[in-house]
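Trainee: Could you take me through the helix packing in this entry, one question at a time?

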Amino acid sequence: MASQFRLNKLRRYFEKTEVADVSAHQLVAVRAALRGRVGLLTGGPGTGKTHTSAVIVRAARELGLTVGAVAPTGKAAVRITEAMSERGLLIQAETIHTALQPMRTGYDGQGWQFRHCEADPLPFDLLLCDETSMVDLELGAKLLGAVQRGSQVLLVGDPYQLPPVGGGKPFCDLIKAGIPHGHLTEIHRFAGRIAHVCQQIREGNKWEPSERVDLDAPSPENMRHVECHASQVIPTMLALIPKLQQYGFIDPDQIQIICPCNSSGSLSREKLNTVLQQHWNPNGARAEKNIFRIGDKIMVSKNFFYPEGQFARRQLASNHYVANGEIGHVVMNDSKWTEAEFGNRTIRVPRDFDKPPVPAWAITGHKSQGSQWPCVITVADGSGAADRVCSRAWWYTVISRAGKLSITIGQRAAIDRHCANVDLDQRKTFLTERIQDWKHKLSSKSSRYVPSLS
């Protein structure tokens, strides 16, 4: 367990008048986030959240602290691992589920729980959680409950993105509750037009896309809108995809199509995947009664263990766990099962599974949370079904999923209509009030030492 003295050394490290590799603005945010044992580091696209997090991790390593990194999705975990590696830090981020180590329990071996909890905490002095805005109440409680006493927790994210798919919006609630919070606002030039458009959308202002694409400019022109009627969205998109090769986007895995609706309307995920499968994988081998072709991109629709039933044993759980939203590629298929690679795991899923995987050439905006691709094409759907799904937070989230180039296709009027819909405050959990009440009760005690989040 890290002593309070060692954690204070980390805080004092950033109290220096100058710290290498961070701007004065970023240093102020770091100091604010590290004021308490649980701290928040927030900011929009292009403000340097990942870079600033890496500076904190490097300082912790230099001071001899053990560091762990987690994220809600596999894609987000891979992205933070790669980002740290680019900055010379070898740290293997994991999904929250993997870090907490799900395991089989119960008399029949069909129940499950996390190994790491209050009785068996995570072995880290500093725990970094990225993309925290998509962590729901239940998973957030499990994660914080597994932090060892005396450790530092840094929750990194963007509160203006879509709220979690699960219950609550704990990241926003923690901000409102007054948990130590460093907020980054300065957009760096290399972030380009994407970051500025996201800022304009967040503030409710008219946003201006790039007049032309120029990814090599000092401030890249990397946010393009292609105006067309709904009936022309699909042919326009199919004509655009080959043109992206001139910007280096050749592999289909470099390009992700995002849309609002799963099944409603002519621009739904189901309709788009039918078209895109034929476009990107026309010759993939098929099997009778199986919708997938070898080479297809697919997404898991639920958290599950494999193998299921009598073959599932506790010692296999962590290595055979796949989280909802993970994307893989079909390597074998049969009339009764589909076998796909997910990272370093090859999973065989029965065709009659209660929530089978779905094609992932196109995915919904909600499923894109926590992920990033070099190029993202987002469909502007003006249907009534899309109007019920899309909001300012939805567009802010999907546009920022692009690492290098973001493109919207459809009617600009539909996007503007959706951006006028502000729905982040519609969830009410009373978590903020409970934290504030708890802090008030603790601060009113007469003991010399009062443990608290801040």
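What follows is a short exchange on two helices, their contact and one residue.

Mentor: This is a predicted model, in which local features need pLDDT of at least 70 and side-chain atom pairs count only at pLDDT 80 or more, while totals for chains, interfaces and linings use all residues. Residues are numbered from 1 along each chain as its sequence is written, and side-chain values use heavy atoms, with hydrogens and water left out.

Trainee: At roughly what angle do the axes of α9 and α10 cross?

Mentor: Helices here are DSSP runs of H or I with at least four residues, strands are E runs of at least two, and both are numbered from the N terminus. Axes are lines fitted to C-alpha atoms, for helices over the stretch in contact, with angles from 0 to 180 degrees between N-to-C directions. The axes of α9 (residues 233-243) and α10 (residues 269-280) come within 12 Å, and they cross at roughly 30 degrees.

Trainee: Which residues of α10 make the contact with α9?

Mentor: Contact means heavy atoms within 4.5 Å. From α9 come Ile-234, Met-237, Leu-238 and Ile-241, and from α10 come Leu-272, Val-275, Leu-276, His-279 and Trp-280.

Trainee: Is Thr-81 buried or exposed?

Mentor: Thr-81 belongs to helix α4 (residues 74-86). Buried means under 20% relative accessible area, exposed over 50%, and partly exposed in between (1.4 Å probe, protein chains only). Because its relative accessible area is 15%, Thr-81 is buried.

Trainee: How many of the 10 residues of α2 are buried?

Mentor: In α2 (residues 24-33) the buried residues are His-25, Gln-26, Leu-27, Ala-29, Val-30, Ala-32 and Ala-33. They pack against β1, α3, β7 and β8. The helix is largely enclosed by the rest of the structure, because the buried count is seven.
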